[in-house]
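Visitor: Got a minute to go through this model with me? I'd like to start with a helix.

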Amino acid sequence: MSPAGSRDALRAAIGAGADAVYLGGKRFSARAYAANFGDQELAEAIAYAHSRGVRVFVTVNTLVTDPELPGAGEYLVRLHGMGADGVLVQDVGLAALAREVVPDLPLHASTQMTVHSAEGVLWAAEQGFTRVVLAREVPLSEVEEIVRQGEKAGIGIEVFIHGALCYAYSGQCLLSSFIGGRSGNRGMCAQPCRKPYRLVRCDQDGFGRPTACSPVPMEDRYLLSTRDLAVYPILDQVVRAGVAALKIEGRMRSPGYVATVTSVYRKALDRIRAGTWQPSDDDMRDLALAFNRGFTRGYLGALPSEQVMGRMRPDNRGVRIGTVTRSDPATGRVEIRIEGNLVPAAGDGIAFSRALGEGTTGLILRWDPERMGDRLLLRVPAGVTRGAEVYMTRRRDLEERALPGRGGTPPDRRGGVPVEVTARWEPDGRPVLSGRLLSPRGIPLTVHLAADFTMPAAGTRPVGEITLRDALTRTGDSRFRFSPLVLEYPGGLFARPSDLNRFRREFLVRLGEAYLGSPRASPGGAAAALTRLEERIQSLLGYSRRTGSPAAPPDLAVSVDSTEAAVAAAGAGARRISLEPRVRSPAGCLAADPDPGETGERILHHLEAAADATDGSGTMLAWRWPRITGRSFLDAAVPLLRQIAPCLAGVRVEGTGDAGAVCGAAPGLPLMGGEGLNVTNLSSILALSPPFSSLALSPELPLPDLGTLSAAVAGGRGPLLEYPVQGNQEVMVSRDCLPRSVGGIPEGERERLATGPFLGLQDERRRIFPLSVDAECRTIIRNAVETCLIDHLPSLLDTGIPLLSIDARDRTPRYAGRITEIYRQGIAAAAEGDAHTAGTLEALKEEIRKMARGGITTAHLLKGPDRWEGE
């Protein structure tokens, strides 16, 4: 499955041998800055691909809000009418709407859904998904088991095999959103992970704020920048895992890139099928010339983080071809010694390395450089010095070879599917084409198409049989070959050539749809779908219009990571506490990955101690699971559920797969949904209730959306809703264990930094982002500025949101206790609503400012992240 971010990239992918492409429209696509396709362009793209036997999957993989749901639903109906082979979806509520409105349109769970376990795949199957795009962090050994589980449930598995990698788990990254308002969940990520950062080690004060920070000496600068994925060397192993589709990333890439990468993997797959494949150095070189930040087999290939990260440079590295041996600053000319068989020519791109970690200087050659044996002479930009390494970053003739004819079906696949075609004419002169062919599985298929025009009796120049046969059999670069074409032509009729050509093209599209099994809604089916959409939207609006008694003041829900912090929060009056036991420190992750048995023992100890310490306080204690739960955590945690259940008021999870694991092991235990579920609309709330008794709303939702959602489910009509009001927002979770994997740290310094009380990442603006690790040594990064909504409590109380949450994880017990007290006072003052309320809240805000890490922000409460263009 190849990316198609533009019309030219679509043609390039098909011309290079893709079996399917994925692309996006102008809205609701996780690549908002790609060229993408308008509705008419989408219809044309789908028809073009289908006539060549290639499937088209459309990305509708962003989060949507309630005002956007009607437009998103109409978009799905239009896609079904165009014949899209399926849609990739992130939003749980949109998926629920799609099942009801367009039940025959296949649903694929986007990687933005963060499905990373067999439990998550089984949940997706229950929700009507036919395929899951797994998180890129899942190793091949787990993929194989997930595929087996998926087959039993009737759901296919798709994995990424090539292209850019995100530092964080897709769908769980809020860094771009919180530092610049450009949300990755809205397709607008600004890629802050490609910026330079420094690792800093700090002391901390009584509230957990960093003090006396010093940078950790190291060579690496781009601490969050990954290499590019290329599983080509182990492609045969991935194929043997039984996945349904192999996916190439790159909707922002050029047609040349798409063609080159697709071609390499197409040929490799064909050779694997024939039993003749061996990894080729030439293929790897071609992939590198297309684009690379350094290649890795990634977590799919079970590599450690050190071999996934590319922390020295975040840009295209190309292929090294030589070294600058002489440089003349006066003339700008350099001499290059070529060290291999790659010699640059006109149209190629080359780059020269600068000082360590300073990137490269590059240019496109306008003419062939002067050559003397293994030496080249050419004029270059200022700053290129003797000893600089030289890289080829673009190979013009490689792109030209990969783009034969600039698109169309590859020559070796054209006309590969024979079709027995009969052309006949209705009494009114309307031509009808009927074709018989076999599906890829050998199933007989029949396709009929009546033209939308008639052929009247000719006055002077009737269409001859030879002309007619030529017009109807001109299948060009499609997959289909008319063999034979039987003409039952009565003769003496007239037709415009353009009508005959259009008729033939439409017939090829219908052949492609039948061959691929593509769904397409009839006009009547589309009208019925729109009726179902209107009924569902009105039903949702009905929830929002319901009224009830005035809401009681909200409860505080405080998240902590230690028994001491839980006791402090409970003593300050917190009614609800979620404990994510801190069972790993950076120092504990230096040697090896954690043992599940040891992890389980530590978790049990923390939970039992917290339950005993808060017993009788009236506090409801929940076990908070990490944002991402790997196999080792689940193996440790699930057996504890029955044992610890009597001590708990519930379990808070961040993913649907974890919900399935909890419900399966402890069916009666209340389930609480965290921010990782990305709840942004009422449809999602209803889809997740049951099994969830409470749901945290996305921290990207602004104030106007909160009241509508709260009113819709108030009075026991749905789960309790929660919104974050205080804390350094968790903005990234990564499979990388940064304290262990970052390179270039002097001997002895790594142990010293890992045992420090505070670690952080400092950006170019000197903001410090707190850094910690979870139970499986994943890196957790929090926002540099602390969310603080204390002075907006009156507005929040007006929304009726029943739970306001404080994140006191990675903070001291002193902070947990005092911040709980402050918000209890603030809620009381806001509920009183007298002349003193504003002054009281302002004073509390100033106290929080003195306790906060990095200052305070209202986050997205007042505005929300960037909206779609035109909103």
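Visitor: Which residues are buried in helix α21 (residues 703-713)?
Guide: First, a caution: this is a predicted model. In α21, the buried residues are D705, L706, L709, S710, A712 and V713.

Visitor: And where do they sit around the axis?
Guide: They cover an arc of only 160°, which puts them on the same side of α21. The general rule helps here. An α-helix has 3.6 residues a turn, so residues three or four places apart point the same way.

Visitor: What comes just after α21?
Guide: G715 does something there: it takes a positive phi of about 70°.

Visitor: OK, on to strands. Is β30 enclosed or open, and why?
Guide: Strand β30 spans residues 720-727, and 7 of its 8 residues are buried, so it is largely enclosed by the rest of the structure.

Visitor: Which strands does β30 pair with, and in what sense?
Guide: Strand β29 (residues 692-696) pairs with β30 in the parallel sense, over 3 bridges. Strand β36 (residues 803-807) is also parallel to β30, over 4 bridges. With strand β35 (residues 786-788) the pairing is antiparallel, over 2 bridges.

Visitor: Give me some contacts to click on. What stands opposite L720?
Guide: S694 stands opposite L720. Further along β30, P724 faces S805 in β36. For β35, take Q726: its bridge partner is C788.

Visitor: Switching to aromatics. How many aromatic pairs are there?
Guide: A search of the whole structure gives 11. Take F453 and F503: the ring centres are 6.0 Å apart and the planes are at 90°, so the pair is edge-to-face.

Visitor: Which parts of the chain does that pair link?
Guide: Distant ones, 50 residues apart. F453 is in the loop between β22 (444-450) and α12 (465-472), while F503 is in helix α13 (residues 497-516).

Visitor: Are F453 and F503 buried or exposed?
Guide: Both are buried.

Visitor: What about W623 and W625, what geometry do they have?
Guide: Their ring centres are 5.5 Å apart, with planes at 65°. The cut-off for edge-to-face is over 60 degrees, so this pair is edge-to-face. Both W623 and W625 are buried.

Visitor: Which residues form an aromatic cluster?
Guide: Y232, Y265 and W277 form one.

Visitor: Where do arginines sit over rings?
Guide: I can give you two cases. R253 lies over the face of Y257, 5.8 Å from the ring centre. R313 has its charged end over the ring of Y391, at 5.6 Å from the centre.

Visitor: Last topic, holes. How many cavities of 30 Å³ or more does the structure hold?
Guide: It holds 8 of them. The largest has a volume of about 240 Å³.

Visitor: Which residues are closest to the centre of that largest cavity?
Guide: M113, T114, G655, T656 and G676 are the closest, out of 22 residues that line the largest cavity.

Visitor: Which helices supply its lining?
Guide: α5 (118-126) and α19 (656-665) each supply at least two residues of the lining of the largest cavity.

Visitor: Which gives the most?
Guide: α19 gives the most to that lining, with 3 residues.

Visitor: Good. What should I pull up again for the β30 neighbourhood?
Guide: Start with β30 and β36, the parallel pair with 4 bridges. Then show β35, which pairs with β30 in the antiparallel sense.

Notes:
Residues are numbered from 1 along each chain as its sequence is written. This is a predicted model: local features need pLDDT of at least 70, side-chain atom pairs count only at pLDDT 80 or more; totals for chains, interfaces and linings use all residues. Side-chain values use heavy atoms; hydrogens and water are left out. Rings of Phe, Tyr and Trp (its six-membered ring) pair if their centres lie within 6.5 Å; planes under 30 degrees apart count as stacked, over 60 as edge-to-face and the rest as tilted. Buried means under 20% relative accessible area, exposed over 50%, partly exposed in between (1.4 Å probe, protein chains only). A charge sits over a ring if NZ of Lys or CZ of Arg is within 6 Å of the ring centre and within 35 degrees of the ring normal. Two strands pair if DSSP finds at least two bridges between them. The arc is that of the directions from the helix axis to the C-beta atoms. On a 1 Å grid over the protein atoms alone, a cavity is a set of points where a 1.4 Å probe fits but cannot get out, and a pocket is an open set with protein on both sides within 12 Å along at least five of seven lines; lining residues have an atom within 4 Å of a point. Grid points are joined across faces, edges and corners, and a volume is the space filled by probe spheres set on the points.
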